[in-house]
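Here's an informal walk through a two-chain model. Have the viewer open while you read.

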Protein chains: 2
Amino acid sequence: MSLLIVGTVAFDAVETPHGKVDRMLGGAATYAAVAASYFTPVRIVSVVGDDFSPREHAIFRGRPIDVSGIERVNGRTFFWSGRYSQDMNDRVTVETQLNVLAGFDPKLPDHFRDSRFVFLANIQPSLQFRVLQQLNIKPKLVALDTMNYWIEGALPELHAVLRRVDVLLINDSEARQLSGRYNLVDAAARIRVMGPQAVVIKRGEHGAILFAGKTTFSAPAMPLKLVRDPTGAGDSFAGGFMGSLTASGRINDASLRRAMIYGSVMGSFAVEHFGLSRLRRLTKKQIGARARQFRHLTHFEL
Amino acid sequence: MSLLIVGTVAFDAVETPHGKVDRMLGGAATYAAVAASYFTPVRIVSVVGDDFSPREHAIFRGRPIDVSGIERVNGRTFFWSGRYSQDMNDRVTVETQLNVLAGFDPKLPDHFRDSRFVFLANIQPSLQFRVLQQLNIKPKLVALDTMNYWIEGALPELHAVLRRVDVLLINDSEARQLSGRYNLVDAAARIRVMGPQAVVIKRGEHGAILFAGKTTFSAPAMPLKLVRDPTGAGDSFAGGFMGSLTASGRINDASLRRAMIYGSVMGSFAVEHFGLSRLRRLTKKQIGARARQFRHLTHFEL
């Protein structure tokens with residue numbers, strides 16, 4: 001089973017208390033695709049500029065990632081630059097250059113249109129909607145990520161796409177903003193009325209919570225001795241989560257819980273080094289070992 | 001096996017977004033003793049004033065709590081008043097009247113001196129030290145709670161008592177302050193050099209983490225639909241944690257993990273209503289049911 005991922009490929013400039021990188025490969029779809037590719041074949045849809053060289057393309061090579069949905073157009077690739085606070089719980093966007101993303105209109109290659117598992121990473125809700133319209137089957141699971149910018153500026157479009165979504169992945173402050181409820185149990189309940197049967201609330205260093213059916217599942221974050229760069233942690237989580245679900249092919253209580261853990265595993269690797277440098281060099285053995293560390297971190301007998 | 005608890009009994013005035021109570025029974029030792037009494041017999045050492053009436057004493061009656069260490073002196077009982085922020089993650093102290101606590105010098109009744117399990121709730125470190133000096137056996141486990149006030153104002157005394165302590169229970173900002181390290185893995189490692197073999201870092205709505213031996217264990221907080229009053233949550237956690245450990249009589253990986261869960265269970269009940277009103281009306285059946293909810297909240301199969 002293949003996982004379709006639609007979203008941004010970008011160049012990032014990032015400054016954290018542990019260092020500064022002026023230009024590195026990033027973007028939500030890149031993080032999610034690389035993370036998911038350890039679990040399942042991936043089909044990626046995005047746009048890059050003519051500054052996106054074979055060196056950058058190397059990130060996708062040697063992995064089960066079908067890049068025929070990456071459109072290359074004249075101009076420069078989307079660029080984001082940000083700076084993290086000393087405790088890395090806050091970040092400011094220093095600069096955003098939409099560049100080729102400004103004209104992005106995702107087009108699914110014909111052989112992508114039968115995708116049963118779909119992850120719509122954080123882009124304009126109307127584009128997320130158009131992706132779903134291009135599918136020629138009813139997908140088994142559609143997950144979506146979004147952000148405060150669209151909640152504030154494109155709420156009707158966001159509501160329209162949410163009605164067709166099964167799982168919303170969102171951080172805690174965005175869940176509060178979208179629902180108008182501070183309490184996260186309340187917030188998730190209200191969001192589930194908007195369409196998604198399941199809501200995953202990401203809380204950074206505090207882990208993530210899944211609300212689905214009668215299940216509430218709490219996944220901790222791995223306590224790490226060194227977090228160098230939080231960029232892409234949420235997208236890597238989404239990639240691990242969706243990769244694990246796609247590989248299992250089944251949506252049930254057990255597969256959702258397992259997906260939450262593999263999401264947390266991939267997020268925990270992502271933050272250990274700048275950009276994709278840790279995530280791109282993993283082995284399945286390391287991923288399995290960290291998943292077992294999560295079990296050791298949470299297991300108890302009454 | 002009995003658990004010795006030394007700390008404050010107080011009257012509190014509390015305002016949260018869900019209401020306001022002008023005078024209710026509180027104090028760290030009260031919360032911890034009531035929480036622990038569901039698991040094991042408790043011996044409490046504290047001081048109250050002559051305004052502490054039989055009506056207030058009723059909180060301890062009908063429970064396995066030996067109150068012969070509660071000294072009654074002329075004057076008024078310790079009074080604390082606080083107000084919580086809208087999101088209840090911050091609180092300001094409106095007023096503190098030490099009253100009879102100002103002259104408190106904990107004296108252990110003779111039949112308390114053989115206590116093998118000891119919880120030193122948050123009071124002046126030099127008083128915590130004097131409690132340990134009054135034991136006539138080497139205790140099996142001593143746990144201690146403290147706060148920013150003592151880290152700032154009585155650090156040498158705090159270090160002196162920490163050298164004799166097995167488990168430090170502390171919140172995240174205090175752990176950072178005491179250790180001078182922001183990263184919690186680092187912070188716990190540095191604190192363990194100060195004496196305690198185990199450190200429990202309490203993170204409120206984000207749960208608690210245990211660092212002990214080679215074990216790192218993460219207990220989530222129960223996602224609750226309504227949190228009315230966070231006062232006493234940490235003390236109730238400590239009571240459940242120490243009550244569970246004392247009842248088991250053994251200190252090992254399994255009993256520490258279980259204690260973390262029962263601590264979380266008692267903390268989750270405490271915040272559901274103002275003051276002790278939820279905590280005092282529990283049944284063992286309800287406690288067992290909530291512990292199983294924690295298992296449901298965290299269990300997964302890889």
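Which helix of chain B does Ala247(B) lie in? Ala247(B) belongs to helix α8, residues 233-248 of chain B. Bear in mind throughout that this is a predicted model. Ala247(B) counts as buried because 20 other C-beta atoms lie within 10 Å, and 20 or more is what the label asks for. Leaving aside residues up to four places away in sequence, Ala247(B) touches Phe39(B) and Thr40(B). If you'd like a distance to check, take the C-alpha atoms of Ala247(B) and Val34(B): they are separated by 15 Å, with the two positions 213 residues apart along the chain.

**The nine-strand sheet**

Chain B has an open sheet of 9 strands, in the order β5-β4-β1-β8-β9-β10-β11-β12-β13, with mixed pairing. The edges are taken by β5 (65-72) and β13 of chain B; each has a single partner strand, so one side of each is left without a neighbour in the sheet. On average, and ignoring direction, neighbouring strands here are turned by 15 degrees against each other.

Within this sheet, β1 (residues 3-6) and β4 (residues 42-48) of chain B run parallel, paired over 4 bridges. That pairing puts Ile5(B) opposite Ile44(B) in β4(B). Helix α6 (residues 172-179) of chain B packs on the sheet, where it touches β10 (167-171) and β11 (198-202) of chain B. The direction of α6(B) makes about 115 degrees with that of β10(B).

Ile5(B) deserves a second look. The largest nonpolar core has 190 residues, and Ile5(A), Ala32(A), Ile5(B) and Ala32(B) touch the most other members. Not counting residues up to four places away in sequence, the contacts of Ile5(B) are Ala29(B), Ala32(B), Ala33(B), Ala36(B), Val42(B), Ile44(B), Phe119(B) and Ala121(B).

**The four-strand sheet**

Another open sheet of chain B is made of 4 strands in the order β3-β2-β6-β7, again with mixed pairing. Its edge strands are β3 (19-26) and β7 of chain B, each of which pairs on one side only. Neighbouring strands are turned by 15 degrees against each other on average, direction ignored.

Here are three of the strand pairs in chain B, taken from both sheets:

| Strand pair | Sense | Bridges | Residues standing opposite |
|---|---|---|---|
| β1(B) and β4(B) | parallel | 4 bridges | Ile5(B) and Ile44(B) |
| β2(B) and β3(B) | antiparallel | 6 bridges | Val14(B) and Val21(B) |
| β6(B) and β7(B) | antiparallel | 6 bridges | Trp80(B) and Thr96(B) |

Is β7(B) buried or in the open? None of the 7 residues of this strand (residues 91-97) is buried, so β7(B) lies largely in the open. The hairpin that β6(B) and β7(B) form has 6 residues between the strands, and there Met88(B) takes a positive phi near 60 degrees.

**Asn99 in both chains**

Positive phi turns up again at Asn99. Most residues other than glycine have a negative phi. Asn99(B), however, has a positive phi of about 50 degrees although it is not a glycine, and phi of Asn99(A) is near 50 degrees too. In chain B, the residue is found in the loop between β7 and β8 (117-120); in chain A, Asn99(A) is in the loop between β7 (91-97) and β8 (117-120). Asn99(B) is buried, with 20 other C-beta atoms within 10 Å. Asn99(A) also counts as buried because it has 20 C-beta neighbours inside 10 Å.

**How the two chains meet**

What turn lays chain B on chain A? A turn of 180 degrees does it, with a shift of 0.0 Å along the axis and an RMSD of 0.0 Å. That is the relation of a two-fold axis. The same surface serves both copies, in that 100% of the contact residues of chain B recur in chain A. His206(B) is the residue of chain B that comes closest to the rotation axis, with its C-alpha at 3.1 Å.

At the interface, 26 residues of chain B are in contact with 26 residues of chain A. On the chain B side, the elements giving two or more residues are α7 (184-193), β13 (215-219), α9 (253-270) and α10 (284-298). By class, that side has 14 nonpolar, 5 polar and 7 charged residues. Note that β13(B) shows up in two roles: as an edge strand of the nine-strand sheet, and as one of the elements on the side that touches chain A.

Technical notes: Residues are numbered from 1 along each chain as its sequence is written. Chains are lettered from A and ligands numbered from 1 in the order in which they are written. This is a predicted model: local features need pLDDT of at least 70, side-chain atom pairs count only at pLDDT 80 or more; totals for chains, interfaces and linings use all residues. Copies are superposed by least squares on the C-alpha atoms of residues with pLDDT of at least 70 in both. Two residues are in contact if their C-beta atoms, placed from the backbone, lie within 7 Å. A residue is buried if 20 or more other C-beta atoms lie within 10 Å of its own, exposed if 12 or fewer, and partly exposed in between; C-beta atoms are placed from the backbone. Two strands pair if DSSP finds at least two bridges between them. A nonpolar core is a set of buried Ala, Val, Leu, Ile, Met, Phe, Trp, Tyr and Cys residues joined through C-beta atoms within 7 Å. Ala, Val, Leu, Ile, Met, Phe, Trp, Tyr, Cys and Pro count as nonpolar, Asp, Glu, Lys and Arg as charged, and the others, Gly among them, as polar. Axes are lines fitted to C-alpha atoms, for helices over the stretch in contact, and angles run from 0 to 180 degrees between N-to-C directions.
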